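Let's take a walk through this structure together, one region at a time. Please have the view open and ready to rotate.

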Amino acid sequence: MKPDYLDLLSPEPIRMENVGGILSPKLRDIASIGYGTYHFYLELLLMDLEKYLSMIGHAEDYGRLSDEEKSELDMFDFWTANEQSADLLKKVLNFFIKEEVVYSGQDRCFLIQNGNGNIGVITRDSYPQVRDIICQRVCIRPGQEEDLSKVKNKKALEIAKKLQKGRSQKKKQEKADKNMELGNIISAVANRSPSLNILNIWDLTVYQLWDCFSRISNNNIYDIQARAVAAWGNKDNHFDAAAWFRA
């Protein structure tokens with residue numbers, strides 16, 4: 001499922017069939033739970049098997065698993081393995097889903113409820129799609145691991161393993177860019193935008209904030225180029241006047 005740009009930009013929930021409405025939380029909603037909690041929620045959504053085993057104190061077990069075993073294991077099964085971990089994921093889902101999310105231990109799934117009763121369900125099969133839409137609504141593109149079980153050619157499998165290992169090591173070495181932290185982006189946009197300020201910016205969804213930041217950045221580049229061409233011209237004698245609104 002790939003939502004349209006308008007759907008992602010809208011403050012209204014994106015309706016998923018047999019699930020419910022996926023929200024892009026407003027900045028005031030994030031502030032109400034605290035950035036640390038919000039960041040923790042995102043970490044849980046993006047968590048892979050290696051991180052999960054490390055979190056519960058079994059990091060060494062990941063190295064003992066074969067590639068086939070790793071490909072067969074599903075994170076949803078780990079989240080629903082006990083009430084404690086299921087309750088943790090339930091809190092995350094309740095923050096991003098408009099309706100109430102309730103865990104069913106008997107069926108090992110999450111029921112979606114409103115005033116009329118059950119209206120949807122999140123299962124092992126639908127969870128990856130729910131997770132993907134949530135990530136899109138907060139401007140995150142989670143890296144998807146290849147399903148190595150589907151690679152039949154031996155040489156291709158060896159190459160896929162090396163690429164996957166290289167990406168994993170690179171990700172571990174990457175450091176967070178403080179310039180791109182949410183608090184700094186909120187302040188930058190509030191003080192740069194002609195209409196937003198530190199008082200009214202909290203009504204934006206987090207997707208709208210990142211969209212505003214992207215547009216402001218692109219428009220700054222456009223303005224610099226426009227002034228340069230106006231003053232000195234350019235070698236191609238061409239300036240794309242429509243560049244400021246291109247998708």
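Before we set off, keep in mind that this is a predicted model. A good place to begin is the pairing of strand E4 (residues 109-114) with strand E5 (residues 117-122): the two run antiparallel and are joined by five bridges. The connection between E4 and E5 is a hairpin of two residues. Beside that turn you can pick out the pairs: Asn114 lies opposite Gly117 of E5, and Gln113 faces Asn118, also in E5.

Now look at the other partner of E4. Strand E3 (100-104) runs antiparallel to E4, again with five bridges between them. Val101, for instance, has Ile112 as its bridge partner in E4. E3 and E4 form a hairpin too, this one with four residues between the strands, and Arg108 in its turn has a positive phi of about 50°. As you follow any such strand, remember that in a regular strand the side chains alternate between the two faces of the sheet.

Next, step back from E3 into the loop that links it to helix H8, where you will find Glu99. Is this residue, Glu99, buried or exposed? Its relative accessibility is 11%, and the cut-off for buried is under 20%, so Glu99 counts as buried. What does the Glu99 side chain meet there? It makes a polar contact of 2.7 Å with the side chain of Arg15. Leaving out residues up to four places away in sequence, Glu99 also touches several others, among them Gly20, Gly21 and Asn94, as well as Ile112, Gln113 and Asn114 of the strand we have just visited.

From here, turn to the nonpolar interior. The largest nonpolar core has 47 residues, and those with the most contacts inside it are Tyr38, Leu93, Phe96, Phe110, Ile122, Val130 and Ile201. Helix H8 (residues 83-96) is the biggest contributor, giving six residues to this core. Try centring your view on Leu93: beyond its neighbours within four places in sequence, Leu93 is in contact with Val101, Phe110, Ile122, Tyr127, Val130 and Ile134.

Our last stop is helix H11 (residues 182-192), in which Leu182, Ile185, Ile186, Val189 and Ala190 are buried. Why do these residues lie on the same side of H11? They cover an arc of only 125° around the axis, which places them together on one side. The spacing fits a general rule: an α-helix has 3.6 residues a turn, so residues three or four places apart point the same way. On the face of H11 turned away from the buried side, you will see the exposed residues Asn191 and Arg192.

Technical notes. Residues are numbered from 1 along each chain as its sequence is written. This is a predicted model: local features need pLDDT of at least 70, side-chain atom pairs count only at pLDDT 80 or more; totals for chains, interfaces and linings use all residues. Side-chain values use heavy atoms; hydrogens and water are left out. Buried means under 20% relative accessible area, exposed over 50%, partly exposed in between (1.4 Å probe, protein chains only). The arc is that of the directions from the helix axis to the C-beta atoms. Two strands pair if DSSP finds at least two bridges between them. A nonpolar core is a set of buried Ala, Val, Leu, Ile, Met, Phe, Trp, Tyr and Cys residues joined through side-chain atoms within 4.5 Å. Contact means heavy atoms within 4.5 Å. A polar contact is a pair of N or O atoms within 3.5 Å; within protein, one must be able to donate a hydrogen and the other to accept it, and residues adjacent in sequence count only if both atoms are side-chain atoms.
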